[in-house]
Amino acid sequence: MSLAAVFGWFGAYLFISIIAMRLPEGVECAVTILALWGLILVCARSFEDKKTLPEMLAHGGIRKVKVSVLLFAFLAGAGLNLAYSGLLPLLPIPEEIVESYIDASAKYEEPSNALMFKAVFLVPVLEETVFRGLLGDRISRFAPKWIAIPAASLIFAVMHGDLLWCAYAFISGIVLTWIYFRCKSILPCISFHLAFNAANYLWAKILPLPDEAWAYAVSLAIGIVIFTSFISVYAIKTKE
């Protein structure tokens, strides 16, 4: 199974995901199945190159890390989502861009079980395997990390479609690629990504804030504190 086949399937998954946002729920289930196949193909690539289980797992970026490292990455991801939630309403973003973002996000306000499963669990595993475990790792083999990190993050961002999604995906991608290079494992990246995506559904219910500038500022401040605190602890833990 060639690497081109892996990215071909992943590209098809992303294309259908964008189309599926405006299609019936049944299509969402089809996207979930396609994403699973994409993950299988990524695994097949590992099986092709490596013979022993530790080699196959390491080749895909799955290396053992401390539970505390996963926890700190998880909390940092939740904090970054909260910071984004407070920041976006405070920025002077053109109305047409905001409307495009609202339209793209509408389907996620009351998601089906299939859509929530894909967004919270499946997407983090698949995207971190491809963009950090495969793409970021391979770019770093012929380019310094200061080039590999933004390059992999830019590709990750472009795949998100909507302009605002691309913007925060680029910033998140930089953080995620740095996390990967810090300990050469996609497991903390998956933990961070999972928390970030899950927070899209949880913050509004746990911390319902009024539609006021001060509330968004509070959300931004709390999110920054949570993110910087736990990403700093993550950096310390992975340096040990």
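Buried residues account for 45% of the 240 residues in the protein, a value that refers to a predicted model. The secondary structure consists of 10 helices and 0 strands, so that, read from the N terminus on, the elements follow one another as α-α-α-α-α-α-α-α-α-α.

**Helix α6 and its kink**

Helix α6 spans residues 113-139, and most of this helix is covered, since 22 of its 27 residues are buried. The helix axis is not straight throughout: a kink of about 45 degrees is located at Leu-122, shortly before the proline Pro-124. Asp-137, which also belongs to helix α6, is buried as well, because its relative accessible area of 11% falls under the 20% limit that is used for buried residues.

**The salt bridges around Asp-137**

The structure holds 4 salt bridges, and a network of such bridges links Asp-137, Arg-138, Arg-141 and Lys-184. Three pairs that involve Asp-137 are listed here, each with the distance between nitrogen and oxygen.

| Pair | N to O distance |
|---|---|
| Arg-138 and Asp-137 | 3.9 Å |
| Arg-141 and Asp-137 | 2.9 Å |
| Lys-184 and Asp-137 | 3.7 Å |

The pair of Lys-184 and Asp-137 connects distant parts of the chain, with Lys-184 in the loop between α8 and α9 and Asp-137 in helix α6, 47 residues apart. The basic partners can also be described by their accessibility. Arg-138 counts as buried, because its relative accessibility of 17% is under 20%, whereas Arg-141 counts as exposed, because its 57% is over the 50% limit. Lys-184, with a relative accessible area of 28%, is partly exposed, because this value lies between those two limits.

**Lys-184 in its loop**

The loop that contains Lys-184 runs between α8, residues 163-183, and α9, residues 187-206. Besides taking part in the salt bridge with Asp-137, Lys-184 has a backbone feature that deserves a mention: its phi is positive, at about 55 degrees, although the residue is not a glycine.

**Two surface patches**

Two patches on the surface can be described, one of them charged and the other nonpolar. The negative patch is formed by Glu-95, Glu-96, Glu-99 and Asp-103. Among these residues, Glu-95 is found in helix α5, which covers residues 95-105, and Glu-95 is exposed, with a relative accessible area of 57%. This accessibility fits the place of Glu-95 in a surface patch, because the residues of a patch must have over 30% relative accessible area.

The nonpolar patch, of about 300 Å², is made by Trp-214, Val-218 and Ile-222. Val-218 has its place in helix α10, which comprises residues 213-239. With a relative accessibility of 37%, Val-218 counts as partly exposed, and Val-218 can nevertheless belong to the patch because 37% is over the 30% that is required.

**Taken together**

In this predicted model, the helix α6 combines a kink at Leu-122 with a mostly covered set of residues. Asp-137 in that helix joins a network of salt bridges with Arg-138, Arg-141 and Lys-184, and the bridge to Lys-184 reaches the loop between α8 and α9. The surface, in turn, carries a negative patch that includes Glu-95 and a nonpolar patch that includes Val-218.

Technical notes: Residues numbered from 1 in each chain as written. Predicted model: local features only at pLDDT ≥ 70, side-chain atom pairs only at ≥ 80, totals over all residues. Heavy atoms only, no water. Patch = residues over 30% accessible without salt bridge, like charges linked within 9 Å, V, L, I, M, F, W, Y side chains within 5 Å. Areas by Shrake-Rupley, 256 points an atom, 1.4 Å probe, with all protein chains shown as cover. Salt bridge = Lys/Arg side-chain N within 4 Å of Asp/Glu carboxyl O. Lys, Arg positive; Asp, Glu negative; His and termini not counted. Charge placed at Lys NZ, Arg CZ, Asp CG, Glu CD. Helix = DSSP H or I, 4+ residues; strand = E, 2+ residues; numbered from the N terminus. Buried < 20%, exposed > 50% of the residue type's maximum accessible area, 1.4 Å probe, protein only. Bend = angle between axes of the 7 residues up to and from the residue.
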